[in-house]
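Welcome, and thanks for taking a look at this one with me. Below are a few numbered points to help you find your way around.

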Amino acid sequence: MLTEDQAAIDARHMEAALELARQAATLDEVPVGAVVVMDGEIVGRGCNQPISRSDPTAHAEIMALRDAATRQRNYRLPGATLYVTLEPCVMCAGAIMHARIARVVFGARDPKTGAAGSVVDMFAEDRLNHHAEVAGGVLAEASGALLSGFFAARRAKTAIA
């Protein structure tokens, strides 16, 4: 169970991830944002950019991990927490494990590709050598509304065209 203090810290960092998700939407990317936090400070930021970068790996989590690893001058980020507005996919879960992230906090669940319990739970797989603590549902309503609004606007655009 989270303490009140931890819940407030999680909400504050998830707000930063939501701001990055809004930036992704302005790029016409699926609005997902992520931040990496070490010792209470944001050390990495990322938003979805696979379309604009022509890079299928440019998910918000990967971009935030790259930013944090560059700033920390280390591809391992032990003790870090990754906050992301949408449940990580299998690719991102793998990168999170390789970076040795200690804790993953996500907003909305992803019933189609979620790898933190919705479809599979990579973080609970006993055969893997690293396991992050996972907390889902932090500002889930705001994260979900951002995604729903984005896809509704995209469908409306397609219907008009």
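**Notes on strands, a helix residue and two pockets**

1. Let's begin with β1, which is covered on both faces: Gly-33, Val-35 and Val-37 on one side, and Ala-34, Val-36 and Met-38 on the other, are all buried. Buried here means under 20% relative accessible area, with a 1.4 Å probe and protein chains only. The strand spans residues 33–38, and six of its six residues are buried. Strands are DSSP runs (E, at least two residues), numbered from the N terminus.

2. A word on the basis of all this: it is a predicted model, where local features need pLDDT of at least 70 and side-chain atom pairs count only at pLDDT 80 or more, while totals for chains, interfaces and linings use all residues. Residues are numbered from 1 along each chain as its sequence is written, and side-chain values use heavy atoms, leaving out hydrogens and water.

3. Which strands pair with β1? One is β2 (residues 41–47), antiparallel to β1 over six bridges; another is β3 (residues 81–86), also antiparallel, joined by four bridges. Pairing requires that DSSP finds at least two bridges between two strands. Val-36 is a handy landmark, as it stands opposite Gly-44 in β2 and opposite Leu-82 in β3.

4. Do look at the turn as well. β1 and β2 make a hairpin with two residues between them, and Asp-39 in that turn has a positive phi of about 50 degrees.

5. Next, find Asp-10 in helix α1 (residues 4–26); helices are DSSP runs of H or I with at least four residues. Is Asp-10 buried or exposed? Asp-10 is buried, with a relative accessible area of 1%. Leaving aside residues up to four places away in sequence, Asp-10 touches Leu-2, Tyr-83, Arg-103, Val-105 and Val-138, where contact means heavy atoms within 4.5 Å.

6. Finally, the pockets. A pocket is an open set of points on a 1 Å grid over the protein atoms alone, where a 1.4 Å probe fits, with protein on both sides within 12 Å along at least five of seven lines; lining residues have an atom within 4 Å of a point. The largest has a volume of about 210 Å³, volume being the space filled by probe spheres set on the points. Its lining includes Val-30, Leu-86, Arg-109 and Asp-110. The second largest pocket holds about 170 Å³, and among its lining residues are Val-30, Leu-86, Asp-110 and His-59.

Conventions:
Buried means under 20% relative accessible area, exposed over 50%, partly exposed in between (1.4 Å probe, protein chains only).
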